[in-house]
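Please look at the chain and its ligand before reading on. The report below goes from one pair of strands outward to the sheet, the helices and the ligand shell.

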Amino acid sequence: MGDTSLFATEHARGRAAYRLYACTILAGICLILYYRATHIPATWREGRGEWIGLSLAELWHAFYWVITQSARWKLVYRRTFKDKLSQRFEGRLPNVDIFVCTADPYAEPPNLVVSTVLSLMAYNYPPEKLSVYLSDDGGSILTFYAMWEASQFAKHWIPFCKRYKLEPRAPAAYFSSSDSSSDMSHHEECLSMKILYEEMTSRVDAIVKSGKVPEELKANHKGFSQWQSEMTSKKHPPIVQILIDGKDPNALDNVGNALPTFVYMAREKNPEYHHNFKAGAMNSLLRVSSVISNGPIILNVDCDMYSNNSDSIRDALCFFLDEEKGCDIAFVQYPQNYNNMTKNDTYGNSLSVMNEVDLCGFDSWGGPPYIGTGCFHRRESLCGMKHTKDYKEDWNRGSERNPPDDIRKLEEKAESLATCTYELNTLCHRIAL
Ligand SMILES: O=c1ccn([C@@H]2O[C@H](COP(=O)(O)OP(=O)(O)O[C@H]3O[C@H](CO)[C@@H](O)[C@H](O)[C@H]3O)[C@@H](O)[C@H]2O)c(=O)[nH]1
Ligand SMILES: [Mn+2]
């Protein structure tokens, strides 16, 4: 490990013991196969049919077991050095664009999306370098309303999280954790924040239940005027609304710090053109974000998966920015975990074998496959870059945009990239994420 490395690779302990154990199983398998090979019944009446059945099952098991070992034989764990990252790159950290996908305000309640989005906006990362994009495939004014509420609440929530270094930073998860009630140092403030949060969630719930946004609330943001009565989730024009423009010097939280950019996007829908589900949304997000923040690093999160660690971006950057090995890394992903598990994890929902064994086993072979939510990509790797050894990433990309005089012009430009015909007759049309 050189001095400048931003991450280290460690091997799992107990490898020798595991391999010894694996050898005993292998010996057992060989003995069974040997027994079968040397005990072939002479006639059908002596059980040749059963012999064939059992031999096939045992051969299949042997094959399956050997293949499984490829993911178990050598596990590697990665450790990051975030302090070194700060020392060397703090002033020149890259822009990071976060894409959150939602599709239906009834299956995926807007309050859930609010909590996810807030956990991402409150990352321990310079806010001027952070942009969060919400893709709403439902094209719903209810989701837009919830996002407008989130953009207002963020002004209180982000400084509160940063001041007390809270974890996790999804308000729903934080207020239901024991931390929020046990830490006396900020008890009063926590209580009033909780009230503010609950008032917001009940407003959002009431409006989702009623199915429409009252006229007086629509006056709060120009974006509400984009919805016309004839629009449905399956047929509507593209809508891009910048709820918080991080480049605007007046976009500040309630203690005067800059806020991250926050954008709502509903790509155009028309039943005549296939929308390609999440993959279609991701492609639109790539194009829309390219004219607004154009960050070289992209994180994708499903709307029901909040971030439970405010340092996730910094951990991921330790891989991308590593001078020696970073150029070989196209994506860095985090395992998915679920809340509310039974004490003994009776149903295996913690996915511990997959998260703690299989993924680490694949990593030693060059990396596991992409598993969806919670993945950081280089923008270039999603835009068809061919990897070469001497490729130099432009980490400053995206920092050049000036605050526009007319934000609506920028939104319209972005909308022209979120039409349902944009990808027709292109390669994108055939690639599914
Ligand atoms: O037309 C659609 C359909 C879905 N989604 C979003 O895509 C995400 C994943 O869809 P979901 O139905 O929740 O699939 P899951 O099986 O829960 O997701 C897993 O499997 C998917 C691939 O099948 C991955 O993309 C996900 O990241 C992974 O968590 C969600 O945020 C949806 O809102 C859209 O944006 N547009
Ligand atoms: Mn899901």
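Which residue of strand 6 does Ser-135 stand opposite? Ser-135 faces Met-265 in strand 6. This is a predicted model, in which local features need pLDDT of at least 70 and side-chain atom pairs count only at pLDDT 80 or more, while totals for chains, interfaces and linings use all residues. Residues are numbered from 1 along each chain as its sequence is written, and chains are lettered from A and ligands numbered from 1 in the order in which they are written.

**The sheet**

Strand 4 (residues 130-136) and strand 6 (residues 261-266) run parallel and are joined by 5 bridges. Here helices (H or I, at least four residues) and strands (E, at least two) are DSSP runs, numbered from the N terminus, and two strands pair if DSSP finds at least two bridges between them. These two strands belong to an open sheet of 7 strands with mixed pairing, in the order 5-6-4-3-7-9-8. Strand 5 (239-244) and strand 8 (331-333) stand at the edges with a single partner strand each, so one side of each has no neighbour in the sheet. Neighbouring strands are turned by 20° against each other on average, direction ignored; axes are lines fitted to C-alpha atoms, for helices over the stretch in contact, and angles run from 0 to 180 degrees between N-to-C directions.

Strand 7 is joined to strand 3 by 6 bridges in the parallel sense, and to strand 9 (residues 375-378) by 4 bridges in the antiparallel sense. Ile-298 takes part in both relations, standing opposite Asp-97 and also opposite His-377 in strand 9. Of the 6 residues of strand 7, 5 are buried, so the strand is largely enclosed by the rest of the structure. A residue is buried if 20 or more other C-beta atoms lie within 10 Å of its own, exposed if 12 or fewer, and partly exposed in between, with C-beta atoms placed from the backbone.

**Helices around the sheet and beyond**

Helix 5 (residues 141-164) lies across strand 3 (96-102), strand 4, strand 5 and strand 6, and runs at about 20° to strand 5. Helix 10 (residues 277-292) also packs on the sheet, where it touches strand 3, strand 4, strand 5, strand 6 and strand 7 (297-302), and its direction makes about 140° with that of strand 4. Contact means that the C-beta atoms of two residues, placed from the backbone, lie within 7 Å.

Helix 8 (residues 187-210) has 24 residues and reaches 34 Å from its first C-alpha to its last, close to the 34 Å expected, where the expected span is 1.5 Å times one less than the number of residues. Its buried residues include Cys-190, Met-193, Tyr-197 and Met-200, and just after the helix Gly-211 takes a positive phi of about 80°.

Nearer the N terminus, an unreviewed UniProt entry places a "transmembrane region" at residues 16-35; UniProt positions are given in the numbering used here, feature names are shortened, and annotations may be inferred rather than shown by experiment. In the model, that stretch is 100% helix and 0% strand, with its end C-alpha atoms 28 Å apart.

**The ligand shell and the annotated site**

Ligand 1 is surrounded by 13 residues, the closest being Cys-101, Lys-278, Asp-302, Gly-372 and Thr-373; a residue is near a molecule if its C-beta atom, placed from the backbone, lies within 6 Å of it. Strand 3 and helix 10 are the elements that give two or more residues to this shell, and helix 10 gives the most, with 3 residues.

The unreviewed UniProt entry places a "binding site" at Lys-278 and Asp-302. They span 25 residues in sequence, yet no two of their C-alpha atoms are more than 9.3 Å apart, so they gather at one spot. Lys-278 is in helix 10, whereas Asp-302 is in strand 7. Leaving aside neighbours within four places in sequence, Asp-302 is in contact with Cys-101 and Thr-373.

The table sets these two residues beside two others, Phe-277 with a positive phi near 50° and Asp-345 with a positive phi near 50°.

| Residue | C-beta neighbours inside 10 Å | Class |
|---|---|---|
| Lys-278 | 19 neighbours | partly exposed |
| Asp-302 | 18 neighbours | partly exposed |
| Phe-277 | 13 neighbours | partly exposed |
| Asp-345 | 12 neighbours | exposed |

Phe-277 belongs to helix 10, while Asp-345 is in the loop between strand 8 and helix 12 (352-363).
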